[in-house]
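Visitor: I would like a close look at one part of this structure, with its neighbours explained step by step. Please choose a strand and stay with the details.

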2 protein chains.
Amino acid sequence: MNPTCSIILIGDEILSGRTKDENLNYIACEMVKIGIRLQEVRVILDDENAIIETVNALRKKYTYVFTTGGIGPTHDDITMQSIAKAFKVGTYKDEKIVKQFKQSYGETISEATFKMAEFPIGAELIPNTVTTAPGFKMENVFVMAGIPKVMQIMLKEVLPYLKHGKIVKSKHVDILAGESTISLGFEKIQNKYAGKVSLGSYPFKKDDKYCTSLVLRSDDEELLNSAFNDVKNMLSDLSIIAI
Amino acid sequence: MNPTCSIILIGDEILSGRTKDENLNYIACEMVKIGIRLQEVRVILDDENAIIETVNALRKKYTYVFTTGGIGPTHDDITMQSIAKAFKVGTYKDEKIVKQFKQSYGETISEATFKMAEFPIGAELIPNTVTTAPGFKMENVFVMAGIPKVMQIMLKEVLPYLKHGKIVKSKHVDILAGESTISLGFEKIQNKYAGKVSLGSYPFKKDDKYCTSLVLRSDDEELLNSAFNDVKNMLSDLSIIAI
């Protein structure tokens, strides 16, 4: 079985439209590279109940859960405490991190900074070489920062510890034709390779003309190539031009 | 009570990293304009069970549910049938839409196009002036296209029928200081206006310096202004520079 995962994007600012999320696509692309299947993403408010419910629902369902957002030093950063409650554990202040903060920012740093040195009991820390405030892991849940640059650094630390799955490869061809023109033939090919190769079609416009991107995905390269040949033959039979 | 909503983004291509979603942020910003509170977003696979479960969970929880994606003419477009199953109704072919398709594309159009003229029994159609294939509404669930341009046209049709809420206004100030420096004072102001004004802080970097955006949101303009004054006084007390 290939490992699966889900992402929880935590933050009022995404739901209010203030911030355009960049983390979903970044994590999705990293998971493809190591064969982990991203099955679901949820975007939720900075709300304790929402975080607890969502984390507890998803950590039972998928091999890994990644959260982003809400681990800063201000009152609206409630992810750490909420994760502790989801796992029914208390929190502790990590003296090694407190020391690091003092070294990085000097002895006069604000008390609020130390909030970022608190973690659920049992957490394994995820180093952060950008701002020093770590993320953490509780069982199969990886809690990371919301700022894309910091999240990316944390994810890089985490990747070597994840189980890899069979890599899904893809092949695609863009055609100068709407989806409806290939729909029946495309479905026949999908049925031939059901469960082995997944075929998707994505319409777009180019120079005001209807085009479609045909995308085939599979972890079996031989079948992928065979299905792709079938698609090319279908296009040739229909006199459809690849662009 | 202000109306609430959630969004379901349906599509393997978002979860595989192939497509960067643009619909979340667009819908979020439109909802802010009419005072509807976006509470949650889920991104799910083109999978019948996932669609049925998610639609049924969210339509009971929120005033409105918006879905995007999966209503095209190919085999991987399964949103319409899945929504019909979620509502436990059959489907029908809309002869008016069939006629429109024939007028738009000629009598020789592919049989597959007519898949887009099928709807759950009881659906109200959402016109689509771009490609003529409509979206539809089932009770409080609005089913729209995944292509941003088409989705936006459909949402425009839908907006006049939605209940409006009290508009949440926001004020913000960007400061040349990290979050920790304002954390304690900022929290005090949050506590003073608890439940009335929500205060959020979002760190960013500018010219390699730590900055923070302080954002205040409320549907009560007087309280919003008062809280914003408190924030400005706090910044002045701390000798923090607004940028």
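Guide: What follows is a walk along one strand of chain B, then a look at a strand of chain A, and last the relation of the two chains. The model is a predicted one.

The strand to start with is β1 of chain B, which covers residues 4-10. Is it buried or exposed? Of its 7 residues, 7 are buried, so the strand is largely enclosed by the rest of the structure. A residue is called buried here when its relative accessible area is under 20%. In a regular strand, side chains alternate between the two faces of the sheet. In β1(B), one set, made up of Thr4(B), Ser6(B), Ile8(B) and Ile10(B), points one way. Cys5(B), Ile7(B) and Leu9(B) point the other way, and the residues of both sets are buried.

Next come the neighbours of this strand. β1(B) runs parallel to strand β2 of chain B, residues 37-44, and 7 bridges join the two. β1(B) also pairs with strand β3 of chain B, residues 64-68, again in the parallel sense, over 5 bridges. Leu9(B) is a useful place to see both pairings: its bridge partner in β2(B) is Val43(B), and in β3(B) it stands opposite Thr68(B).

Now turn to chain A and its strand β8, residues 141-144. Val141(A) and Val143(A) lie on one side of this strand, Phe142(A) and Met144(A) on the other, and all four are buried, which leaves both faces covered. β8(A) pairs with strand β3 of chain A, residues 64-68, in the parallel sense over 4 bridges. Strand β7 of chain A, residues 135-138, runs antiparallel to β8(A) and is joined to it by 3 bridges. Phe142(A) in β8(A) takes part in both pairings: Phe66(A) stands opposite it, and so does Lys137(A). The hairpin of β7(A) and β8(A) has 2 residues between the strands, and Glu139(A) there takes a positive phi near 50°.

Finally, the wider setting. Chain A is assigned two domains, domain 1 (4-161) and domain 2 (169-237), and their centres, taken over C-alpha atoms, are 38 Å apart. A turn of 180° with a shift of 0.0 Å along the axis lays chain A on chain B with an RMSD of 0.0 Å. That is the relation of a two-fold axis. Within chain A, Arg42(A) comes closest to the rotation axis, its C-alpha being at 2.2 Å. Of the interface residues of chain A, 100% are also interface residues in chain B, so the copies meet through the same surface.

Methods
Residues numbered from 1 in each chain as written. Chains lettered and ligands numbered in written order. Predicted model: local features only at pLDDT ≥ 70, side-chain atom pairs only at ≥ 80, totals over all residues. Heavy atoms only, no water. Least-squares fit on C-alpha atoms with pLDDT ≥ 70 in both. Contact = heavy atoms within 4.5 Å. Domains from an automatic or database assignment. Buried < 20%, exposed > 50% of the residue type's maximum accessible area, 1.4 Å probe, protein only. Pairing = 2+ DSSP bridges.
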